[in-house]
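Q: How does one learn to read the features of a protein model, one at a time?

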Amino acid sequence: MEKGSKIYVAGHRGLVGSAIVRNLKEKGYINIVGKTHSELDLKNQADVRKFFEEEKPEYVFLAAAKVGGINANNTAPADFIYENLEIQNNVIKAAFDFKVKKLLFLGSSCIYPKMCPQPIKEEYLLSGYLEPTNEAYALAKIAGLKMCQFFKRQYGANFISCMPTNLYGPNDNFDLNSSHVMPALIRKFHEAKVNNEPYVEVWGTGKPLREFLHVDDMADGCVFLMENYNGEEHVNIGTGREVTIKKLAEIIKEVVDFEGELRFNTEKPDGTPRKLLDVSKLEELGWKYKIELRNGIIDSYIWFKENNKKQ
Ligand code: GFB
């Protein structure tokens, strides 16, 4: 990519897309295009094709998706599979037809089998059953990464994919029904502290292990791949480190400075027991994460307090 190349970041207002835009700007890219949902509905094929025909982006980061935490995924599987397939089909095919030079498709670590060996290597994809709570989203993402592979294999399109682990950071969704665990617990601990409540409810047993990557690190890794990687196989992006949900809750409790207790609600699902990415492929290519978990949580909490006030 040249510094003046026209780069379209699909989903530029979301957690992932906004971080990619920040990273591109920091690196001196000056010609970045974004469209809000009301300006361009990526589920509408005709509108997407018109946009590509008129704007002719040279590079595309496909960071637009219907996303959510365990509850949203588990309760709206039809919406998750259909909307994600629509968005990615429209953008990938338009990128191909209107001769985009390179596209990066973003997926998720939930594409891997529930019980696959840990840490998870890229090659473990499709070696077993998926985790039921996010099967719909995972199937859409698997279709997207395979579609990129097949456009590369059949037509030589330079479409690559990366699979980030659980992400968090500025512009996250802090809605308690649809969010991921990190923003949910930041909000819960903050509100419990402000309201002097005796405890915070944590879903599940607290035993599942998760790996968390700050979205600024993820964005840096995505731009690195766009600049340096042209392979057919997708690439994992993560830290290679994991914590239990209980430990995560304890760290957030400390950061927020809440003095009450944790209560685990085992009526709520745990989801997959463990999903730790093997990030050796990306490290061998020359990229590694920088933001340690506690510092990232402090950063997210500051962002939440500032933006919560504005609402
Ligand atoms: O982040 P999360 O919603 O998604 O939940 P997944 C992770 C773990 O945190 C689960 C527990 O074991 C939850 O039960 N947890 C504890 C909570 N308290 C809470 C809470 O207040 N809210 C939430 N949301 N969780 C998602 C997938 O799975 O991961 C998506 O559904 C995507 O497809 C995403 O891949 C990265 O890590 O279980």
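The dialogue below concerns a predicted model.

Q: In what order do the six strands form the open sheet, and in which sense do they pair?

A: The order across the open sheet is β2-β1-β3-β4-β5-β10, and the pairing is parallel. The edge strands are β2 and β10 (235–237), each of which pairs on one side only.

Q: How should the side chains of a strand be read, and are those of β1 buried or exposed?

A: In a regular strand the side chains alternate between the two faces of the sheet. Strand β1 covers residues 7–10; I7 and V9 lie on one side, Y8 and A10 on the other, and all of these are buried. Both faces of β1 are therefore covered, given that buried means under 20% relative accessible area.

Q: Through which helix does the chain cross from β1 to β2?

A: The chain passes through helix α1 (residues 15–26), and this β-α-β crossover is right-handed. Strand β2 (residues 32–33) runs parallel to β1 and is joined to it by two bridges. Within this pair, Y8 stands opposite V33 in β2.

Q: How many bridges link β1 to β3, and which residue of β3 is the partner of I7?

A: Strand β3 (residues 59–62) pairs with β1 in the parallel sense over four bridges. The bridge partner of I7 in β3 is Y59.

Q: How many bridges join β4 to β5, and which residue in β5 stands opposite F105?

A: Four bridges join β4 to β5 (residues 159–164), and the two strands run parallel. F105 stands opposite S161 in β5.

Q: Which helices lie across these strands, and at what angles do they run?

A: Helix α5 lies across β4 and β5, running at about 155 degrees to β5. Helix α7 (residues 215–228) lies across β3, β4, β5 and β10, and runs at about 145 degrees to β4.

Q: How is the packing of α4 and α5 described?

A: Two packed helices are described by the angle between their axes and the distance between the axes. Here α4 (residues 77–97) and α5 (residues 135–155) pack at an angle of about 20 degrees, with axes 8 Å apart. Angles under 35 degrees count as roughly parallel, so α4 is roughly parallel to α5. Their crossing is right-handed. Among the residues that meet are F80, L85 and F96 in α4, and Y137, M147 and F151 in α5.

Q: Where is Y124 found, and which residues does Y124 touch?

A: Y124 is in the loop between β4 (102–106) and α5. Leaving aside residues up to four places away in sequence, Y124 touches Y112, P113, C116, P117 and P119.

Note on methods: Residues numbered from 1 in each chain as written. Predicted model: local features only at pLDDT ≥ 70, side-chain atom pairs only at ≥ 80, totals over all residues. Heavy atoms only, no water. Buried < 20%, exposed > 50% of the residue type's maximum accessible area, 1.4 Å probe, protein only. Pairing = 2+ DSSP bridges. Right-handed = clockwise from strand over helix to strand, strands pointing away. Axes fitted to C-alpha atoms, helices over the stretch in contact; angles between N-to-C directions. Parallel < 35°, antiparallel > 145°, perpendicular 65-115°, else oblique. Left-handed = near helix turned anticlockwise from the far one by under 90°. Contact = heavy atoms within 4.5 Å.
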